[in-house]
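Thanks for coming. I'll put one structure up and then walk through what can be read from it.

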Amino acid sequence: RKTAKELDAFLLIRQCYPNHDFSKKPLIVVAVVGDTTDCVQQFMKRWRTSRVDVDSRGKSCLERMMSVLVEGELAKTEGIMGLDWDKAQSEDGVNTSVEQLKVLVKSIGGELWSKAFETDRT
């Protein structure tokens, strides 16, 4: 979050447990939105080269499991312009249902993001 703020990028993190089964690993979705392509690319570069995770022994390590589902410019649609970015970015809604996540993904990235999200889940 600190890096996103430094680069003027919006960072949205959500996790959902399929079928509300908390005994399984959650699906974690991270959206990085910025005013310029450069700020998003800088964020992604820092994320991949900084120690952001810990392994099973508690040793810090690089992020290796991340995959980019979709990349490109967002159209200034009614959904994205009307989104309460502060509320979307708050910690309150980190745990969410798949249905709520689908609505949020579609409101930000439209059909392109929706298709990428659905394709990755299957």
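**Contacts and layout of the chain**

Of the contacts in this chain with a separation of 6 or more, 50% are between residues 24 or more positions apart. Before I go further, please keep in mind that this is a predicted model.

The overall layout comes next. The chain has five helices and four strands. Reading from the N terminus, the order of elements is α-β-β-α-β-β-α-α-α. There are 122 residues, and 30% of them count as buried. The chain exposes about 9,000 Å², with carbon and sulfur atoms supplying 50% of that area.

I'll start with the strands. Strand 1 and strand 2 pair in the antiparallel sense, over eight bridges. How much of strand 1 is covered? Seven of its eight residues are buried, so it is mostly covered by the cut-off used here, under 20% relative accessible area.

One residue in strand 1 to look at is Gln-15. Gln-15 has a relative accessible area of 19%, and because the limit for buried is under 20%, Gln-15 counts as buried. Across the pairing, Gln-15 stands opposite Ile-28 in strand 2. Which side chain does Gln-15 make a polar contact with? The partner is Asn-95, and the distance of that side-chain contact is 2.5 Å. Leaving out residues up to four places away in sequence, Gln-15 touches Pro-26, Leu-27 and Ile-28, and also Val-94, Asn-95 and Thr-96.

The other strand pair is strand 3, residues 51-54, with strand 4, residues 60-62. These two also run antiparallel, over three bridges. Asp-53 stands opposite Cys-61 in strand 4. Strand 3 and strand 4 form a hairpin with five residues between them. In the turn of that hairpin, Gly-58 has a positive phi of about 85°.

That brings me to another positive phi, this time in a residue other than glycine. Asp-8 has a phi near 55°. Where is Asp-8? Asp-8 sits in the loop between helix 1, residues 2-6, and strand 1, residues 9-16. Is Asp-8 buried or exposed? Its relative accessible area is 61%, so Asp-8 is exposed.

Asp-8 has a neighbour from further along the chain, Gly-34. Gly-34 and Asp-8 are 26 residues apart in sequence, but their C-alpha atoms are 6.5 Å apart in space. Gly-34 belongs to strand 2. With a relative accessible area of 29%, Gly-34 is partly exposed. Not counting residues up to four places away in sequence, Gly-34 touches Asp-8, Ala-9, Cys-39 and Val-40.

Now the interior. The largest nonpolar core has 13 residues. The residues with the most contacts inside this core are Leu-12, Val-33, Leu-101, Val-105, Ile-108, Trp-113 and Phe-117. Strand 1, strand 2 (27-34) and helix 5 (98-121) each supply at least two residues of this core. Which element gives the largest share? Helix 5 does, with seven residues. There is also a second, separate core of 10 residues, and Leu-7, Val-32, Phe-43 and Met-44 are among them.

Phe-43 comes up again in the aromatic pair, and the structure holds one such pair. Phe-43 and Trp-47 have ring centres 5.7 Å apart and ring planes at 75°, so the pair is edge-to-face. Both residues lie in helix 2, which covers residues 37-49. Phe-43 and Trp-47 are four residues apart there, about one turn of the helix. Both are buried.

One last residue, from the start of the chain. Lys-5 lies in helix 1. Lys-5 is exposed, with a relative accessible area of 69%. How far is Lys-5 from Phe-43 in space? Their C-alpha atoms are separated by 9.9 Å, while the two residues are 38 residues apart along the chain.

To recap with two points on the screen: strand 1 pairs antiparallel with strand 2, and helix 5 supplies the largest share of the largest nonpolar core. I'll stop there.

Methods. Residues are numbered from 1 along each chain as its sequence is written. This is a predicted model: local features need pLDDT of at least 70, side-chain atom pairs count only at pLDDT 80 or more; totals for chains, interfaces and linings use all residues. Side-chain values use heavy atoms; hydrogens and water are left out. Buried means under 20% relative accessible area, exposed over 50%, partly exposed in between (1.4 Å probe, protein chains only). A nonpolar core is a set of buried Ala, Val, Leu, Ile, Met, Phe, Trp, Tyr and Cys residues joined through side-chain atoms within 4.5 Å. Contact means heavy atoms within 4.5 Å. Rings of Phe, Tyr and Trp (its six-membered ring) pair if their centres lie within 6.5 Å; planes under 30 degrees apart count as stacked, over 60 as edge-to-face and the rest as tilted. Accessible areas come from the Shrake-Rupley method with a 1.4 Å probe; for residues, only the protein chains shown count as cover. Two strands pair if DSSP finds at least two bridges between them. A polar contact is a pair of N or O atoms within 3.5 Å; within protein, one must be able to donate a hydrogen and the other to accept it, and residues adjacent in sequence count only if both atoms are side-chain atoms.
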